[in-house]
Amino acid sequence: VQLQASGGGLVQPGGSLRLSCAASGTIFSINAMGWYRQAPGKQRELVAVVTSGGSFVYADSVKGRFTISRDNAKNAVYLQMNSLKPEDTAVYYCNADVRLTTTFSVVNYWGQGTQVTVSR
């Protein structure tokens with residue numbers, strides 16, 4: 001299973017970006033999908049998660065500015081980021097709990113990360 005993230009870049013404060021992540025491989029189904037981020041010198045932290053049932057969890061720091069969504073048919077998760085701030089600068093990683101077709105077990109996977117830089 002591979003998670004391919006895209007959509008990062010450089011944006012000015014107040015701007016917007018949309019991150020995408022698509023999972024591929026021996027996927028039977030996907031439970032929770034989400035986004036985490038890691039800024040230089042800091043620990044990786046949860047940004048937003050969406051479950052297969054449509055429940056959402058957001059970090060307090062992004063509530064009202066970021067929106068997570070998923071497309072189950074495409075095994076994809078998205079993160080719409082609006083009103084970006086310099087403190088949102090980080091490497092953003094997608095994450096998924098995947099039930100495999102081979103073993104039927106659930107395994108957690110990480111994408112490769114995409115850089116988001118918010119700066120003038």
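Where is the place of glutamine 112? I shall answer that at once and then turn to the chain as a whole. Glutamine 112 lies in the loop between β10, residues 106-110, and β11. Please bear in mind throughout that we are looking at a predicted model.

Let me stay with this residue for a moment. Is glutamine 112 buried, partly exposed or exposed? Its relative accessible area is 42%, and because buried means under 20% and exposed means over 50%, glutamine 112 counts as partly exposed. Leaving aside residues up to four places away in sequence, glutamine 112 touches Leu3, Gln4, Ala5 and Tyr93. Arginine 65, by contrast, is 47 residues from glutamine 112 along the chain, and the C-alpha atoms of the two are separated by 24 Å.

I now come to the overall architecture. The protein chain has eleven strands and zero helices, so that the pattern along the sequence reads β-β-β-β-β-β-β-β-β-β-β. Along the principal axes, the C-alpha atoms fill a box of roughly 50 × 25 × 25 Å. The radius of gyration is 14 Å, which agrees with the value near 14 Å for a compact globule of 120 residues.

With regard to contacts, consider the pairs in the protein chain with a separation of 6 or more: 55% of these join residues 24 or more positions apart.

Next, the interior. Of the 120 residues in the protein chain, 40% are buried. The largest nonpolar core holds 32 residues, and those touching the most other members are Trp35, Val47, Phe66, Val77, Leu79, Met81 and Tyr92. At least two residues of this core come from each of β1 (2-6), β3 (17-24), β4 (27-38), β5 (45-50), β7 (66-71), β8 (76-81), β9 (90-100) and β11 (114-118). Which strand supplies the largest share? That is β9, with six residues.

Valine 47 deserves a closer look, as a core member named among those touching the most others. Residues up to four places away in sequence not being counted, valine 47 touches Trp35, Tyr36, Arg37, Val57, Tyr58, Ala59, Val62, Phe66, Leu79 and Tyr92.

Finally, the surface and the charges. The protein chain exposes about 6200 Å², of which carbon and sulfur atoms supply 49%. There are 11 positive and 6 negative charges, and their mean positions are 3 Å apart.

To close, I return to the opening residue: glutamine 112, in the loop between β10 and β11, is partly exposed and touches residues including Leu3 and Tyr93.

Methods
Residues numbered from 1 in each chain as written. Predicted model: local features only at pLDDT ≥ 70, side-chain atom pairs only at ≥ 80, totals over all residues. Heavy atoms only, no water. Helix = DSSP H or I, 4+ residues; strand = E, 2+ residues; numbered from the N terminus. Rg over C-alpha atoms; globule rule 2.2 N^0.38 Å. Buried < 20%, exposed > 50% of the residue type's maximum accessible area, 1.4 Å probe, protein only. Contact = heavy atoms within 4.5 Å. Areas by Shrake-Rupley, 256 points an atom, 1.4 Å probe, with all protein chains shown as cover. Lys, Arg positive; Asp, Glu negative; His and termini not counted. Charge placed at Lys NZ, Arg CZ, Asp CG, Glu CD. Core = buried A, V, L, I, M, F, W, Y, C linked by side-chain atoms within 4.5 Å.
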